[in-house]
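User: I have a model open and want to go through its open and enclosed spaces. Please give me the reasoning behind each label.

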Amino acid sequence: MGYLDNHPDENGYFGKFGGAYLPPELENEFKKIKQAYLNIRNNHEYINELRRIRKHYQGRPTPVYYAKNLSAMTGGNIYLKREDLNHTGAHKLNHCMAEVLLAKHMGKQKVIAETGAGQHGVALATAAAYFGLECEIHMGEVDIAKEKPNVIRMKILGANVVPVSFGAKTLKEAVDSAFESYLSDPESSIYAIGSVVGPDPFPQMVRDFQSIVGIESKEQFFEMTGNQPDNVVACVGGGSNALGIFSAFIDDENVALHAVEPMGKGTKLGEHAASLTYGSEGVLHGFNSIMLKTEQGEPAPVYSVASGLDYPSVGPEHAHLKDIGRLTAGTADDAQSMEAFFTLSRKEGIIPALESAHAVAYAMELAKQRPHESILVNLSGRGDKDIDFVTEKYGFGE
Ligand SMILES: *Cc1c(COP(=O)(O)O)cnc(C)c1O
């Protein structure tokens with residue numbers, strides 16, 4: 001039995017983290033989702049349909065690329081798992097296609113979700129279009145302003161985008177708002193959570209749906225090098241792209257796993273979203289994990305230049321893996337990530353998402369410290385969505 005076989009336990013716990021803290025009216029719905037998932041995960045038809053979709057619709061497998069110029073520049077060995085080449089430009093479609101396929105099997109008519117950078121919204125709207133389901137996406141007004149192209153994409157794809165105008169108007173409030181909407185009609189809709197967060201069974205489901213990234217990477221990396229990577233690096237918002245690639249290596253103790261959190265503008269509370277690094281145990285959005293809190297114990301305001309990373313908590317499995325010493329929590333700040341964004345663009349001709357640029361920044365540092373080791377980075381998405389923001393900040397073309 002490997003690690004994945006007994007994590008989470010039957011109650012959805014990874015060590016002391018995870019679980020399902022739900023309002024009573026949702027308990028039964030989440031039990032139904034869990035049962036449907038446990039039934040379907042071993043169903044050959046479901047698995048074969050997902051395989052076909054991944055190959056013929058999403059364009060998987062995505063390649064692993066040896067970043068020769070970045071490696072030469074840092075003196076190390078950096079490989080990129082190109083999730084930016086997955087259909088819609090990020091890893092999120094991996095879990096969205098599977099979630100909406102599950103929703104369809106459960107007879108649901110509508111999928112509801114939150115989105116930060118708009119990537120989950122676009123991926124879910126894409127999956128909903130593919131399967132012919134209605135799609136409702138909740139998004140903070142701050143993020144709407146920052147991520148225009150993705151907002152337009154969702155609308156083109158036929159989704160209903162609901163602006164969220166309370167609180168800090170970013171990801172956390174979008175989750176609150178989406179939950180509220182789901183509560184009003186849990187029978188015919190499903191809340192398709194966008195990361196390895198939320199109540200059981202979502203952290204497990206989303207991890208399992210994303211594990212294709214790790215399975216492919218491990219095989220591809222071995223084919224290229226005859227070895228395992230010494231280090232695997234991924235950025236962490238909720239933690240889905242990270243667990244997707246980490247999951248294949250958890251039992252391989254010689255492979256170091258690095259979860260990179262956004263250090264934003266600085267180390268003060270409110271300036272970053274480094275939950276694993278600075279957080280403490282607490283329940284948010286229906287699960288127990290490590291979160292950033294104010295002195296009153298409320299979820300703290302968070303910030304990152306990458307909208308997809310500014311969440312005050314983190315997937316419970318990351319909290320557990322850190323707890324047992326299996327992963328290292330690292331950070332990259334705004335400035336380092338912006339620098340990595342331009343470096344990868346100019347050295348390799350790959351424009352990364354600002355989220356993914358955090359992993360690249362960290363990997364470049366690691367490459368300098370460990371020149372003899374190999375580093376596999378999950379390049380979770382492409383940066384096209386960020387060009388408006390970059391234009392505003394750097395004034396290209398003006
Ligand atoms: C959403 C997003 C992330 C952060 O989400 P995780 O669940 O932590 O993976 C990272 N990269 C990209 C490109 C994203 O769209």
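User: What volume does the largest pocket have?

Analyst: This is a predicted model. In it, the largest pocket has a volume of about 820 Å³.

User: Which residues line the largest pocket, and what makes a residue part of the lining?

Analyst: A lining residue has an atom within 4 Å of a grid point. By that rule, 31 residues line the largest pocket. Arg41, Arg54, Asp208, Ser211 and Ile215 lie nearest its centre. Helix 1 (24-40), helix 2 (44-58) and helix 9 (202-225) give two or more residues each. Helix 9 gives the most, with 8 residues.

User: How many residues of each class are in that lining?

Analyst: The lining of the largest pocket has 13 charged, 12 nonpolar and 6 polar residues. Asp, Glu, Lys and Arg count as charged, so Arg41, Arg54 and Asp208, near the centre, fall in that class.

User: Where does the ligand sit, and how do you know?

Analyst: The ligand sits in the largest cavity. The test is that more than half of its atoms lie within 2 Å of the cavity's grid points. The ligand meets that test, so the label applies.

User: Why is this space called a cavity and not a pocket?

Analyst: In a cavity a 1.4 Å probe fits but cannot get out, whereas a pocket is an open set. The grid is laid over the protein atoms alone, so the ligand does not fill the space in this test. The count is 3 cavities of 30 Å³ or more. The largest has a volume of about 360 Å³. Of its 30 lining residues, Lys92, Gly194, Ser195, Gly238 and Gly308 are closest to the centre. By class, that lining has 10 nonpolar, 16 polar and 4 charged residues.

User: What makes the pairs between the ligand and Lys92, Gly238 and Gly239 polar contacts?

Analyst: The cut-off is 3.5 Å between N or O atoms. A side-chain N or O atom of Lys92 is 2.6 Å from a ligand oxygen. For Gly239, a backbone N or O atom lies 2.7 Å from a ligand oxygen. For Gly238, the backbone distance is 3.2 Å. Each pair falls within the cut-off, so each is a polar contact.

User: How much of the ligand does the protein cover?

Analyst: On its own the ligand has 380 Å² of accessible area, and the protein covers 97% of that.

User: Which residues come nearest the ligand, and which helices supply its shell?

Analyst: Lys92, Ser195, Gly239, Ser240 and Ser380 come nearest, out of 18 residues around the ligand. Helix 10 (240-246) and helix 14 (354-369) each supply at least two shell residues. By class, the shell has 12 polar, 4 nonpolar and 2 charged residues.

Terms used:
Residues are numbered from 1 along each chain as its sequence is written. This is a predicted model: local features need pLDDT of at least 70, side-chain atom pairs count only at pLDDT 80 or more; totals for chains, interfaces and linings use all residues. Side-chain values use heavy atoms; hydrogens and water are left out. A residue is near a molecule or strand if one of its heavy atoms lies within 4 Å of it. A polar contact is a pair of N or O atoms within 3.5 Å; within protein, one must be able to donate a hydrogen and the other to accept it, and residues adjacent in sequence count only if both atoms are side-chain atoms. Accessible areas come from the Shrake-Rupley method with a 1.4 Å probe; for residues, only the protein chains shown count as cover. On a 1 Å grid over the protein atoms alone, a cavity is a set of points where a 1.4 Å probe fits but cannot get out, and a pocket is an open set with protein on both sides within 12 Å along at least five of seven lines; lining residues have an atom within 4 Å of a point. Helices (H or I, at least four residues) and strands (E, at least two) are DSSP runs, numbered from the N terminus. Grid points are joined across faces, edges and corners, and a volume is the space filled by probe spheres set on the points.
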